[in-house]
Structures are given as C-alpha cells and as structure tokens.
Amino acid sequence: VLYTSYGKIILRFNADKAPKHVAQFQKLVEEGFYTGTKFHRVIPGFMIQGGDPNSKDDDRSNDGMGGYMKDGKEVNVSAEFNDTKHIRGILSAARSNDPNSASSQFFIMVATNEGLDGQYSAYGQVVAGMDVVDAIVNLPRDMGDNPLDDNPAIVIKAEIRTWPLEELK
C-alpha cells in the first residue's frame, strides 16, 4: 500500500511473473526506502513514475537518475520480461536502456502502451486507488514532466500488507 499526499494506492504483486522485482520492492518498503520519495515523472495518457531517492530533496535536476544503493553500489535487478500487458493499472520496473538496470524506480500505467510489453518487467497491478493515480498524472508539470513544486505527489509511507486486504472485502 502506497500512502501518498493524494491518497492511497493499493497494489497487488505478481510474484509468479517477476519474483526478483517483487522481492526488491518488498525489501525497500520494509526498509522505509520509499518514504518521502516523490512521483517525479507524470505523463497523461501514459504513466506516473516514482521510487527515486534523489526525489526526496528539493533539487529536481537529478530526479529520475537515482536508485537503491548498498555499499556505494547501485543494486540492480535483472530483467524478468513476461507476458503481462502494459495496460492501465500495471506496476512495472523503470530502468535505463540496459534491460538489467532496474533498481528502485517503478511506474504505474494510466493507459495501454503495447510498446512496453516484453521490454519492461511488469510485476503487479493497482487494485484500488486508480483515482489517486489519475489525480497524480494530471498534476500541473514542467517541461520535464515533473509535477510543479506547489503540488508534489509524495509517498508519505509504504507498507506491505497480507492479501486479501480487509478494506477490499
């Protein structure tokens, strides 16, 4: 569950499709890594992206370039391409041009993009809170698709909960 400054986004993982990505995300949640990160890239008709530790400060110039570091090295997760389609609500791993460079950043689709299928590691989906995702993707943004300083979308906290969630019954 991602508790954001715009509301709650409930995700369900697909560990059978991308177990290493799910394990990495869960580990980072349990460490409190995502607390204070911002959704630093929002593109209507496409997706919202977050999970960059660089987004915790006020310098937006390096947002989108950070990842999870351990002992001075970025910890990457190898690609786990699968048959999950990148449709509205899918959670997927952000990465550089190197397919094996995913670290802590993730994105949530707001629309279908078939060009990402089999190219990015999808590992979950939103099961509640797409209204929150829609609010975030429609924030006023700068030329770099970063939400403006006046209305940042911040992950206040994230937590791992046992499925099924009581509030979804």
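In the predicted model, the charged end of Lys-56 is placed over the ring of Phe-33, at 5.7 Å from the ring centre. A second arrangement of this kind involves Arg-95, which lies over the face of Tyr-120, 4.0 Å from the centre of the ring. Phe-33 also belongs to a cluster linked by ring pairs, whose other members are Phe-13, Phe-25, Tyr-34, Phe-39, Tyr-68, Phe-106 and Tyr-123.

A search of the whole structure returns 10 aromatic pairs. In the pair formed by Tyr-34 and Phe-106, the ring centres are 5.5 Å apart and the planes meet at 85°, so the geometry is edge-to-face. This pair links distant parts of the chain, with Tyr-34 in the loop between H1 and strand S3 (41–43) and Phe-106 in strand S8, 72 residues apart. Phe-106 takes part in a further edge-to-face pair with Phe-39, with 5.9 Å from centre to centre and 90° between the planes. Phe-39 is located in the loop between H1 and S3, and Phe-106 in strand S8, so this pair ties together parts that are 67 residues apart in sequence. The three residues are buried: Tyr-34 has a relative accessible area of 2%, Phe-39 stands at 1% relative accessibility, and Phe-106 at 0%. Because buried means under 20% relative accessible area, Tyr-34 at 2% meets the criterion.

The strand arrangement was examined next. An open sheet is formed by eight strands in the order S3-S4-S8-S7-S9-S2-S1-S10, with antiparallel pairing. S3 and S10 stand at the edges and have a single partner strand each, so one side of each has no neighbour in the sheet. From one strand to the next, the twist averages 25°. At the S10 edge, strand S1 (residues 2–4) runs antiparallel to S10 and is joined to it by three bridges. Thr-4 has Val-155 in S10 as its bridge partner.

Both H1 and H2 contact strands of the sheet. H1 lies across S1, S2, S7, S8, S9 and S10, and runs at about 140° to S2. H2 packs on the sheet and touches S1, S2, S3, strand S4 (47–50), S8 and S9, while its direction makes about 115° with that of S2. Within helix H1 is His-21, which counts as buried because its relative accessibility is 4%. Leaving aside residues up to four places away in sequence, His-21 touches Val-77, Ser-78, Ala-79, Glu-80, Ala-93, Ala-102, Ser-121 and Tyr-123. Of these contacts, Tyr-123 is also a member of the aromatic cluster.

The largest nonpolar core contains 31 residues, of which Leu-2, Ile-9, Tyr-34, Phe-39, Phe-106, Ile-108 and Ile-136 touch the most other members. Two or more residues are given to this core by each of strand S2 (7–13), helix H1 (19–30), strand S7 (90–93), strand S8 (106–109), strand S9 (122–128), helix H2 (130–137) and strand S10 (155–158). The greatest contribution is that of H2, with five residues. For Ile-9, the contacts beyond four places in sequence are Val-1, Leu-2, Thr-4, Phe-39, Ile-108, Val-126, Ala-128, Gly-129, Val-132, Val-133 and Ile-136. A second core, separate from this one, has eight residues, among them Ile-43, Met-47, Met-109 and Ala-122.

Several backbone features remain to be described. Most residues other than glycine have a negative phi, and most peptide bonds are trans. Asp-71, although not a glycine, has a positive phi of about 55°. Asp-71 occurs in the loop between strand S5 (69–70) and strand S6 (73–74), and counts as exposed because its relative accessibility is 76%. A positive phi, of about 65°, is also found at Asp-145, likewise not a glycine. Asp-145 is placed in the loop between H2 and S10. The peptide bond from Trp-163 to Pro-164 is cis, with omega near 0°, and Pro-164 belongs to the segment after S10.

Methods:
Residues numbered from 1 in each chain as written. Predicted model: local features only at pLDDT ≥ 70, side-chain atom pairs only at ≥ 80, totals over all residues. Heavy atoms only, no water. Core = buried A, V, L, I, M, F, W, Y, C linked by side-chain atoms within 4.5 Å. Buried < 20%, exposed > 50% of the residue type's maximum accessible area, 1.4 Å probe, protein only. Helix = DSSP H or I, 4+ residues; strand = E, 2+ residues; numbered from the N terminus. Contact = heavy atoms within 4.5 Å. Phe/Tyr/Trp six-rings, centres within 6.5 Å; stacked < 30°, edge-to-face > 60°. Lys NZ or Arg CZ within 6 Å of the ring centre and 35° of its normal. Pairing = 2+ DSSP bridges. Axes fitted to C-alpha atoms, helices over the stretch in contact; angles between N-to-C directions.
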